[in-house]
Amino acid sequence: MGNTDNAVMTQVWVALCVYLILAYLKFQARISQSLQQMSRLIHLDLFAKRDLIQLFRPRRICR
């Protein structure tokens, strides 16, 4: 996390890009979760290799 003008602008652009990608994914896949919930799920499963659409679908619990 930098505090120079360039570093701050880069952070703003990256945040904007992430927001737009999540909003587009939500729209295309008709996901019912909010963008904040989607962001949290991605954060929790950041290093898991799986399909993004499947990540947002409800999981069935087998008992």
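Visitor: Which element has the highest mean pLDDT?
Guide: This is a predicted model, where local features need pLDDT of at least 70, side-chain atom pairs count only at pLDDT 80 or more, and totals for chains, interfaces and linings use all residues. Residues are numbered from 1 along each chain as its sequence is written, and side-chain values use heavy atoms, with hydrogens and water left out. pLDDT is the predictor's confidence in each residue, from 0 to 100, and elements are DSSP runs numbered from the N terminus: helices (H or I, at least four residues) and strands (E, at least two). α3 has the lowest mean, 78, while the highest, 94, belongs to α1.

Visitor: Which helices each supply at least two residues of the largest nonpolar core?
Guide: That core is L22, L25, I31, M38, L55 and F56. A nonpolar core joins buried (under 20% relative accessible area, 1.4 Å probe, protein chains only) Ala, Val, Leu, Ile, Met, Phe, Trp, Tyr and Cys residues through side-chain atoms within 4.5 Å. The helices are α1 (5-29) and α3 (52-56).

Visitor: What is L22 in contact with, leaving aside its neighbours within four places in sequence?
Guide: Contact means heavy atoms within 4.5 Å. L22 belongs to the core, as does M38. With those neighbours left out, its contacts are L35, M38, S39 and I42.

Visitor: How many residues of the protein reach a pLDDT of 70 or more, as a percentage?
Guide: Averaged over the protein, pLDDT comes to 86. The share reaching 70 or more is 94%.

How values were computed:
Buried means under 20% relative accessible area, exposed over 50%, partly exposed in between (1.4 Å probe, protein chains only).
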